[in-house]
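Dear colleague,

Please find below the sequence and structure that I am handing over to you. My notes on what was found follow directly after.

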Amino acid sequence: MANGNVTFKVGGVHMNEYKEATEKAPIEKLPAPQLVRIPMSQHIGAPCKPQVAVGDRVLKGQVIGSSDAFISAAIHSSVAGTVKSIVKDFAADGRYTDIIEIENDGTDELDPSIQPLANYETMSIDELMGHVKAAGIVGMGGAGFPLHAKLKNDQPPLDVVVLNGAECEPFLTCDHRMMVEEATSVIGSLDLFAKLYNTDEAYIAIEENKPDAVQVSQEYIQNMNPKLKVSVMKTKYPQGDSKRQSEAVVGRIVPPGGVTNNVGVFLTNIQTAVAFYDLVKTGMPSIERVLTVSGSGIQNPKNLLVPVGTRVQDILDFCGVKDGVVDIVCGGPMTGKSVFDTNAPITKTTSGILALTEEEIDTKATSSPCIQCDRCIDHCPANINPTRINAAIERGRIDVCTTFKADQCMECGICSFVCPAKRPLASSVKLAKREVMANKRK
């Protein structure tokens with residue numbers, strides 16, 4: 001039974017979606033590149049240390065980076081080949097980290113340790129957490145929080161499961177295509193999580209602008225486990241934020257500074273869930289992902305299955321780039337990062353590569369003084385005051401930023417998007433958030 005037309009109550013915005021170029025484009029597999037550059041930091045938490053040396057031959061799926069820290073996740077080779085170098089460099093999302101460069105030998109020889117979790121149903125949750133950490137599964141919607149660290153919660157117990165299929169950022173359609181084309185794995189993962197937590201409250205949450213995904217999900221649920229549910233959400237940004245989605249789908253409001261686990265909701269992204277399903281069924285670690293390549297600067301927009309560590313340039317070459325590109329973005333246009341070197345590699349959290357022209361970006365726009373219209377306040381999902389925080393951080397008043405709860409900013413970018421004066425509110429509030437949090441750690 002579908003739960004329809006749900007949304008969160010405070011803030012949000014409707015915007016042009018720009019999904020037409022790829023929403024019906026089937027997922028294609030990018031040919032494995034000759035060289036992959038695999039970052040040792042692709043997640044929230046401690047970066048991994050290289051476990052291989054220059055000259056080593058590695059197998060596809062072999063562990064090449066690990067950490068003993070709990071909040072971390074192993075990193076594996078996405079190809080079989082030879083380690084050419086280990087360097088410090090930037091990933092596509094701007095992280096500066098160790099990068100292991102591997103020359104692909106074209107054999108695709110799998111690490112023999114990759115085997116299905118044959119005794120999955122009898123495993124304790126602690127055993128399962130160990131397998132998930134070793135498989136390197138992290139949140140693939142953008143945050144990169146290690147999955148094993150959110151699987152267990154005692155107080156309160158996790159009694160609701162939500163798979164996040166909102167994909168509310170403009171341009172991005174990779175999760176949409178996964179729900180349509182890989183429904184066996186998507187709904188199969190929902191079923192696995194529902195059984196893991198012994199709950200009948202298990203939802204796949206999909207925005208109403210994806211009716212084909214809604215229909216396919218309903219059909220698979222009827223055949224697999226009719227107790228599972230489809231929750232159809234209004235098309236509204238940032239519907240994909242975990243806190244907003246918990247409120248919209250099950251009415252549980254996450255407290256300030258908290259996460260969905262704090263209200264008993266296990267919530268994860270579609271591709272993260274599929275990575276978990278693949279681990280259980282095949283033993284495959286997290287070494288590839290589907291991403292969207294789009295924007296008016298792309299000749300052939302696509303949804304691509306890409307090995308982790310693929311250089312942005314290899315992706316752009318495969319899809320073709322037009323003249324007039326003014327920005328290349330890793331992720332979506334609202335929360336993504338500009339790519340300043342196309343030799344930088346994609347990570348497990350890269351949901352899109354966008355080549356944008358002046359059709360999407362007004363390069364001549366200039367900011368002007370605040371006109372006190374309150375649009376940034378009215379649309380802010382975190383219910384904070386961006387213009388006051390902006391004024392405070394410009395004066396270096398961290399105490400005022402703290403008073404106005406800058407640390408509650410969810411970095412969605414709406415304040416800048418709706419500002420008629422084109423003020424850089426999002427970047428200044430992000431800075432204020434970091435300063436406030438740094439002061440708390442002193």
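**A buried helix residue**

I315 is buried, with a relative accessible area of 0%. This residue belongs to helix α7, which covers residues 312-319. Leaving aside residues up to four places away in sequence, I315 is in contact with L30, L291, V293, L304, V306, T310, I346 and I353. Please bear in mind throughout that the model is predicted.

**The chain as a whole**

The protein chain holds 12 helices and 18 strands. Its C-alpha trace spans about 65 × 50 × 50 Å along the principal axes. A compact globule of 442 residues would have a radius of gyration near 22 Å, and the value for the protein chain, 21 Å, agrees with this. Of the 442 residues, 55% are buried. Among contacts in the protein chain with a separation of 6 or more, 74% are between residues 24 or more positions apart.

As to the surface, the protein chain exposes about 18800 Å², and carbon and sulfur atoms supply 50% of that area. The chain carries 45 positive and 52 negative charges, and the mean positions of the two sets are 6 Å apart.

**Cysteines**

How many disulfides does a search of the whole structure find? The search finds zero. C48 is in no disulfide, and the nearest cysteine sulfur, that of C330, is 18 Å away. C48 is also buried, at a relative accessible area of 4%. For C401, the closest cysteine sulfur is in C409, and the two sulfur atoms do not form a bond because 11 Å is too far. A disulfide would require the sulfur atoms to be within 2.5 Å. C401 is likewise buried, with a relative accessible area of 0%.

**Cis peptide bonds**

Two peptide bonds deserve a look when you inspect the backbone. One is the cis bond that joins Q155 and P156, with omega about -5°. P156 is in the loop between α1 and β10. P156 and I315 are 159 residues apart in sequence, and their C-alpha atoms are 43 Å apart in space. The other is the bond from Y237 to P238, also cis, with omega near 5°. P238 sits in the loop between β12 (229-233) and α5 (242-250).

The loop between α1 (125-134) and β10 (160-165) also contains A143. Is A143 buried or exposed? A143 counts as exposed because its relative accessibility is 52%, and the cut-off for exposed is over 50%. The C-alpha atoms of A143 and R423 are separated by 26 Å, while the two residues are 280 positions apart along the chain.

**Positive phi angles**

Two residues other than glycine may also be of interest for their backbone angles. D108 has a positive phi of about 55° although it is not a glycine. D108 lies in the loop between β9 (96-104) and α1, and is partly exposed, with a relative accessible area of 37%. E167, also not a glycine, has a positive phi near 45°. E167 is placed in the loop between β10 and α2 (174-181). Whereas D108 is partly exposed, E167 is buried, with a relative accessible area of 10%.

With kind regards

Notes
Residues numbered from 1 in each chain as written. Predicted model: local features only at pLDDT ≥ 70, side-chain atom pairs only at ≥ 80, totals over all residues. Heavy atoms only, no water. Buried < 20%, exposed > 50% of the residue type's maximum accessible area, 1.4 Å probe, protein only. Helix = DSSP H or I, 4+ residues; strand = E, 2+ residues; numbered from the N terminus. Rg over C-alpha atoms; globule rule 2.2 N^0.38 Å. Contact = heavy atoms within 4.5 Å. Areas by Shrake-Rupley, 256 points an atom, 1.4 Å probe, with all protein chains shown as cover. Lys, Arg positive; Asp, Glu negative; His and termini not counted. Charge placed at Lys NZ, Arg CZ, Asp CG, Glu CD.
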